[in-house]
Amino acid sequence: MIAHLIRDVPPRVFVWLAAVLAVLIAAPFVANDYQLTVLILILYFAYTGQAWNILMGFAGQLSLGHALYVGLGAYTTAALYVHFGIGPWVGMPVAILISVASGAIVGFLAFRFGVAGVYFAILTIAFAEFARIGFDHFTWVQGSSGLFLPVANYSHNDIIHLRGQPVMFYYVILALTVLAFVICRALLRSRVGYYWQAIREDEPAALALGIPTFRYKMYAIVISAGMTAPAGVFYAFYYNNLFPEQTFFIVRSIEIILGPVIGGVGTLFGPVIGAFLLTGLSETLQNVLTSLGFDTPGATRVFYGICLLLVVIILPHGIWPPIARLLRLDHRETPEA
Amino acid sequence: MALLQVDNVSKNFSGLRAVADVSFAVPDGAIFAVIGPNGAGKTTLFNLIAGVFAPDAGTIAFAGSRIERLQPDEVCRRGVGRTFQIVRPFPALSVEDNVVVGALLRQPDPKAAMRRAHEILGQLDLFEKRRHLAGALTLPDRKRLEVARALATEPKLLLLDEVMAGLRPTETDRMVEIIKRLNAESSLTILLIEHVMRAVMSVATRVLVLHHGAAIAEGPPEAVVREPAVIESYLGVEAV
């Protein structure tokens, strides 16, 4: 398994990856509280971007409703914790299962009946909106007045119940992000990864090569939804409060996709680089503006817009592909058309 | 026994009779050509065999079992490979990855599939370009990539839809050479649609002529081109 994963990875890439990981592991020792919060946010978007990328980047199906799976993951584990005292790690498999099931429903309706392209995207928005409105009236989880997890001042970090200091949350989301990266690489290098890319590039041609495209698109949405759910678990226990209006809001879905779009859709490093650039720079910008005495709450949105515009115009395949060529990681000989 | 047996197959598109009551048999090991003027129903016939459309009437049997209600992916898994008239490479994938996608059908391990892909690319003179992006290839290369990808699924029957259309004469000869070699060396049965008569005459062992969806002649190429009905449909009545 490990031998399969590291096959064809040049030694210098290992060195870089190890260096990046070492920096990330060491970061909490030098970062202040605020910087740690930003890093947590960056890794959260790197993780969700990676999960979203499986469906869009690998299999070519545009989801604009991934907040659905985040929200289901968050509400499932939070409700289990609040009502039954069941810890997040036990609740997580349940959350994943529920996300997988709803992903399967969306996927079945779309792929069985040939809903594709923008119509698929609209269907994903519709399901996230159903959830938002449904949870607003779902009294078991307090509806629109919000579900709150008990908060106390924790003197120690309780990893079992995910109660504690930001440093603990940082390492949890770092571990999740590394795990997602490894899983995505393994998927991309396997038969399913090749088949997804074939479907993304040309579905009739994929069919003609014997690929049962319906089944492989179902795998994509189910794995993507299942991988997104743990981000919701993290979200619930890190923020300690859940409101349907925020959790399932379409802007949450859009925020998930900005990282991979700017970093490079369909690449392994795109979601990570995109998250670092976007969240890192926008927080820095906000900071600089505040320290200069400007009160501009909409500045990050404008910044996102400008980033997106620049990438679409100058680097339509995202930031990562040219970097990969520069580092000679892309061994294809003709540049991207 | 015939590898492919087509019996009384018809297909209508809202009133237009694209294929009308066509029957023929492709013997194992043959190079069988389907020719006919534009709009004769050749590609529709291909799509019926490949499972893209189901026929309105008639049956299609491959290696003894009926396939006319199967989906394209099921037909491919039975052992029928196809190319598209308008080539459909996976443009953002490299040439070798395009072929790996096909090879994974019989070799689920990507490493083994890559070895198989390299063998096939060698057969089709594409090995040197294996790391180019498929979208950046020239038309002759794309046509050979189509064939390579279909071959990678290890078909018993290969359907070639106008793989020589738009090629220069030297490229056409190269393709004819490849088709003959595949047929001889891998005992692959080939069903091809072709417009380029020079190629058909030199490669096909048997020819079926379609006109307005109906079969008007079938036989060895030298005999078929002498039939008045064929000359009439191909060259116009004045030429007779």
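In this predicted model, strand E2 of chain B, which covers residues 16–27, contains the residue B:Asp21. The backbone of B:Asp21 has a phi near 50°, a positive value in a residue that is not glycine. Most residues other than glycine have a negative phi, and that is why such a value deserves a second look. B:Asp21 has 14 C-beta neighbours inside 10 Å and therefore counts as partly exposed, since a residue needs 20 or more to be buried and 12 or fewer to be exposed.

A positive phi is also found at B:Asp125, where the value is near 55°. This residue sits in the loop between H4 and helix H5 (139–152) of chain B, and because it has 15 C-beta neighbours inside 10 Å, B:Asp125 counts as partly exposed.

Another loop of chain B, the one joining helix H3 (95–103) to helix H4 (110–123), holds B:Gln107. With 19 C-beta neighbours inside 10 Å, B:Gln107 is partly exposed, because burial begins at 20. Apart from residues up to four places away in sequence, B:Gln107 touches B:Ala112, B:Ala113 and B:Arg116. The C-alpha atoms of B:Gln107 and B:Thr153 are separated by 9.1 Å, although the two residues are 46 residues apart along the chain.

We can now turn to the place where the two chains meet. Here 22 residues of chain A are in contact with 28 residues of chain B. On the side of chain A that touches chain B, helix H8 (191–201) and helix H9 (203–208) each supply at least two residues, and H8(A) gives the most, with 6 residues. Sorted by class, this side of chain A has 11 nonpolar, 5 polar and 6 charged residues.

How far is H8(A) enclosed by the rest of the structure? Of its 11 residues, 8 are buried, so H8(A) is largely enclosed; among them are A:Tyr194, A:Tyr195, A:Trp196 and A:Arg200. The buried residues of H8(A) pack against helix H3 (33–58), H9 and H10 of chain A, together with H3 and H4 of chain B.

Helix H10 of chain A, residues 213–239, also meets helix H5 of chain A, residues 88–112, and the axes of these two helices come within 7 Å and cross at roughly 145°. The crossing of H5(A) past H10(A) is right-handed, and the residues of their contact divide into 17 nonpolar, 9 polar and 2 charged. A:Ala104 lies in helix H5 of chain A, and when its neighbours within four places in sequence are left aside, A:Ala104 is in contact with A:Met218 and A:Val222. A:Ala104 and A:Ala225 are 121 residues apart in sequence, yet their C-alpha atoms are 8.6 Å apart in space. Because it has 15 C-beta neighbours inside 10 Å, A:Ala104 counts as partly exposed.

The last helix to consider is H12 of chain A, residues 250–263. At 1.5 Å a residue its 14 residues should span 20 Å, and the end C-alpha atoms are 21 Å apart, which agrees. Within H12(A) there is nevertheless a kink of about 30° at A:Ile257, shortly before the proline A:Pro260. Since 11 of the 14 residues are buried, H12(A) is largely enclosed by the rest of the structure, and both A:Ile257 and A:Pro260 are among the buried ones. After H12(A) comes A:Gly264, whose phi is positive, near 135°.

Conventions. Residues are numbered from 1 along each chain as its sequence is written. Chains are lettered from A and ligands numbered from 1 in the order in which they are written. This is a predicted model: local features need pLDDT of at least 70, side-chain atom pairs count only at pLDDT 80 or more; totals for chains, interfaces and linings use all residues. Helices (H or I, at least four residues) and strands (E, at least two) are DSSP runs, numbered from the N terminus. The expected span of a helix is 1.5 Å times one less than its number of residues. The bend at a residue is the angle between axes fitted to the seven residues ending there and the seven starting there. Two residues are in contact if their C-beta atoms, placed from the backbone, lie within 7 Å. Ala, Val, Leu, Ile, Met, Phe, Trp, Tyr, Cys and Pro count as nonpolar, Asp, Glu, Lys and Arg as charged, and the others, Gly among them, as polar. Axes are lines fitted to C-alpha atoms, for helices over the stretch in contact, and angles run from 0 to 180 degrees between N-to-C directions. A crossing is left-handed if the near helix is turned anticlockwise from the far one by less than a right angle, and right-handed if clockwise.
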